[in-house]
Amino acid sequence: MEPERIRQLMEEQLKHSRRLQARVRELEERPHAPLAVTGMSLRLPGGLDTPDAYWDFLRGEGTADSQIPEDRPGLREVFDPVPGKPGRSYVDRAGFLSDIAHFDAEFFGISQREAKLLDPQQRMLLETSWEALERAGIAVRRSDRLDVGVYLGMMASEYGERLEDRSDMTRIDPYYTTGGGLCFGAGRISHLMGFRGPVMSVDTACSSSLSALHLAARALRAGECRYALVCGSNLLLSASLMVSLCQTRAVSPTGRSQSFLATADGYGRAEGVGVLVLMRQAEAESEGRPVLATVLGTAVNHDGAASGLTAPNGPAQQEVFRAALADARVGPGELGYVEAHGTGTALGDPIEVGALDAVAGDAVRERGAPLPIGSVKARLGHLEAASGIAAVIKTVLMLQHGEIPAALPDDGAELNPHIPWDRMGVTVPRRNRPWPLPRKIAGVNSFGMSGTNAHVVLEAYEPAPAAGSAPAGGLPELLTLSAKNPAALAELAEAVSGHLKKTEAAQLPAVCHTLRAGRAALAHRIAVTGSTAAELAEALDAWLSGGPRSAPVESTLRTAVLRLNGDEERLAEALAAVTDAFPRAAVGLTTRERGPGGALAQMIGRFGIRVRPAHTGGGGECARLEWETAEGPGSAPLVAGPGGATSRTLLVEALAALFAAGADLRLDALAAPGTRLLGDLPTYPFQRARFWIEEPRPGSVRDPLEAGATAPVRQAPEPRDREAVYAYLMAELTGVLHASREPEADATFLDAGGDSFLSVLFITRIEESYHLSLTAEELPLDLPLDELLGRLADDIAGQAEASGAGDGELSA
């Protein structure tokens, strides 16, 4: 064989070997791939509803517990301050949320009837999931079927207990099942947002939400989903559970968790909801998403044959610590902080701290700096199934700020004497302090009464130096906002205007990019343009002062015509200007084949609307975009005459007009290369109405005439009086929906909050008075109500004619 051929074969073999080695490394790295936390949202005791508010609380003083609210009569009735009384709870304080009854049912397309019967946990999970995704810059369009997995830690759904009156079973309807089942908490999120990833509800008691995070991490690394929502939820509604916990003496009579203190005498209960958005870090970086922290490793195990089912197991906790560190591939001496479970129980705290010291103590003592530990339960209370998510969000905030808040007040209170603090390498900080090590790594620990232990290792995110230059300022910017109703749009516009007035020039492109590309476009819209934050804020303020329009737009605008007069030279100049300003939208334009006019139409089409070039002959404007909507024609120039606006400004203004007219635009390509999404912008202002079932007091007899127990009886009109039958059908539908007003006639049954359950109830109600040929399964739920009810009225009349019913005689 010729030497040249041998050399060629050797080079090919070397390249093949390198590819195989790279593939092996990829497969070895995949199970340990770092994961990015890209968004967070929460509802916590003390009125905490944003990450910033939570951080301010953590750096301050005081606790978030309060007296039992007035709307929890069951908890108030069973209270007795003397511990040990059968059937009584000795607790009258806990970490309660300020409001769990209000919800934006209209935003999620849920009927008032269903909203009232939904466990408030499901309502809050919907709102916080939407907020977390907005903070991650992920626009939720149901039709996109995003590859999102939902992992929910939740251990109880107690709201349905107030319906369980065996003397009146009429209150039980289909939503009794879907409104309270644990599986529906996660399933409803995925259903209403149109996700297609795995959906799991996890109950391992107090370690539920950290166990859910572990499952999400495994799914992301295995490629089962691109994004993961990790949720935790807990509400205190059941008097029965409170009594049971007090009978076991698990709960502190003070209602507070006194973590690591000598006065520890049980945990203080609390409620709340938290949501994280996770994804593979490499993909988060490539998509330009905010990265708040990195998840390095997770682990879950069980106590096994411990001394008791509910007793903590020290050796098992050591195992889960070591497994999480091994998954993260970091040593115990690299830990700068551990957020402990720290319930404040005489048994649990010493076992947990001892297990932590057994794993990390030698390495910590060797480095000469003690390991700070803390537990947010001492401030918030123990959120039970949601405690892990509250702890992770706290830790992410600490890593972001490089600061460890005080874990205990600096009041000299004695530490738990059952923990040999002088021999251990851990400390409980009583003042805020900076991170102790250059590399910021933290652990979060959790264990549950079921025996399941979980641990997560996180690291502060250090972004790589930005490649290339930052986005240029001074270019025309398009800012788009939308909402489900005029009031929410006005509130959002006011919040964004306030944010713009504090925005630095260098951040403006990222602000506009996030609001354009990271938010879903809803029916009520506003679009403004400008080159500075001040100009955009001024435009929003002018819109607000001028009285916002209230008419929604329909997302039916999908095509437009680009009128061209054949001036190729000016078109080429305009095309060059817009491709220079918006290079991401100009990649691969086929100018040679299409000419400058065709290439301009191709470029506009990349924003999500089909554009057809049409030549008008000589004279007239060089280029103008035209479209038709239900409200009439619209148009915008794309090439100005001498001395007019620049072509890049005209393109932005044309896109603004299209957005306001109802086009479903995809505006990612409008951003300059290197523009990143931001996570700290105003989120959607939900317009909440009260949906609440009052709780019967223990031992009371429910009033059979209570609202909702019986439906009002309406006199059905003569079947051939179409107008009267139509009005009757609308009234019955309004009653079935439990709506406060009639739904809009041009809305569909689904838009009005109806579903398959309500279609059955609606048809059943009508069949009590009339014969119908349609079954509930055949009801066309996607028709506008005006047409749907008209068809039903015609069907009722036709059935009456066929049966020979006379005037004033109903077909019963």
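**Entry: strand pairing around S1**

I count two strands as paired if DSSP finds at least two bridges between them. The model I examined is predicted, and I began with strand S1, residues 35–43. I asked with which strands S1 pairs, and in what sense. With strand S8 (residues 272–280), S1 pairs in the antiparallel sense over 8 bridges. Within that pairing I looked up Ser41 of chain position 41, whose bridge partner in S8 is Val275. With strand S9 (residues 293–302), S1 also pairs in the antiparallel sense, over 3 bridges. I noted Val37 there, whose bridge partner in S9 is Ala293.

I then checked burial along S1. I found 9 of its 9 residues buried, so S1 is largely enclosed by the rest of the structure.

**Entry: the sheet as a whole**

I next traced the sheet that holds S1. It is an open sheet of 11 strands with mixed pairing, and its order is S6-S5-S7-S8-S1-S9-S16-S15-S10-S11-S13. At the edges I found strand S6 (199–202) and strand S13 (426–427), each of which pairs on one side only. I recorded as background that strands of a sheet pair through backbone hydrogen bonds, either parallel or antiparallel.

For a parallel case I turned to S10 and strand S11 (residues 371–374), which are joined by 2 bridges. In this pair, Val338 has Ile373 of S11 as its bridge partner.

**Entry: Ala293**

I returned to Ala293, which belongs to strand S9. Is Ala293 buried or exposed? I read 0% relative accessibility for Ala293, which is under the 20% limit, and therefore it counts as buried. I also looked for what surrounds Ala293. Leaving aside residues up to four places away in sequence, Ala293 touches Leu35, Ala36, Val37, Val396, Leu399, Glu459 and Tyr461. One of these contacts, Ala36, is 257 residues from Ala293 along the chain, yet I find 6.0 Å between their C-alpha atoms.

**Entry: two positive phi values**

I looked up two residues other than glycine that have positive phi. Phe260 has a phi near 65 degrees, and Arg329 has a phi near 55 degrees. I place Phe260 in the loop between helix H9 (239–247) and S8. Arg329 is in the loop between helix H11 (314–328) and strand S10 (337–339).

I then compared their accessibility. Phe260 counts as buried because its relative accessibility is 1%. Arg329 counts as partly exposed because its relative accessibility is 46%.

**Entry: cysteines**

How many disulfides does a search of the whole structure find? My search returned 0 disulfides. I asked why Cys231 forms no such bond. The closest cysteine sulfur to that of Cys231 is in Cys225, at 12 Å, which is too far for a bond; the cut-off for a disulfide is 2.5 Å between the sulfur atoms. I also looked up burial for two cysteines. Cys231 has 0% relative accessibility and so counts as buried. Cys512 likewise counts as buried, at 0% relative accessibility.

**Entry: helix H16**

Cys512 led me to helix H16, since it is one of the buried residues of that helix. I found 10 of the 10 residues of H16 buried, so the helix is largely enclosed by the rest of the structure. The buried residues are Leu508, Pro509, Ala510, Val511, Cys512, His513, Thr514, Leu515, Arg516 and Ala517. I asked against which elements they pack. Their packing partners are S17, helix H15 (486–500), helix H17 (533–545) and helix H19 (583–586).

**Entry: cavities**

I closed with the enclosed spaces. I counted 7 cavities of 30 Å³ or more in the structure, and the largest holds about 150 Å³ of space. Which residues lie nearest the centre of the largest cavity? I list Leu481, Ser482, Leu515, Arg519 and Ala520, out of a lining of 17 residues.

I sorted that lining by class and obtained 11 nonpolar, 2 polar and 4 charged residues. I then sorted it by element. Helix H5 (120–135), strand S17 (477–483) and helix H16 (508–517) each supply at least two lining residues. S17 gives the most, with 3 residues. I note that H16 thus appears twice in these entries: its buried residues pack against S17, and the helix supplies part of the lining of the largest cavity.

Definitions and conventions
Residues are numbered from 1 along each chain as its sequence is written. This is a predicted model: local features need pLDDT of at least 70, side-chain atom pairs count only at pLDDT 80 or more; totals for chains, interfaces and linings use all residues. Side-chain values use heavy atoms; hydrogens and water are left out. On a 1 Å grid over the protein atoms alone, a cavity is a set of points where a 1.4 Å probe fits but cannot get out, and a pocket is an open set with protein on both sides within 12 Å along at least five of seven lines; lining residues have an atom within 4 Å of a point. Grid points are joined across faces, edges and corners, and a volume is the space filled by probe spheres set on the points. Helices (H or I, at least four residues) and strands (E, at least two) are DSSP runs, numbered from the N terminus. Ala, Val, Leu, Ile, Met, Phe, Trp, Tyr, Cys and Pro count as nonpolar, Asp, Glu, Lys and Arg as charged, and the others, Gly among them, as polar. Buried means under 20% relative accessible area, exposed over 50%, partly exposed in between (1.4 Å probe, protein chains only). Contact means heavy atoms within 4.5 Å.
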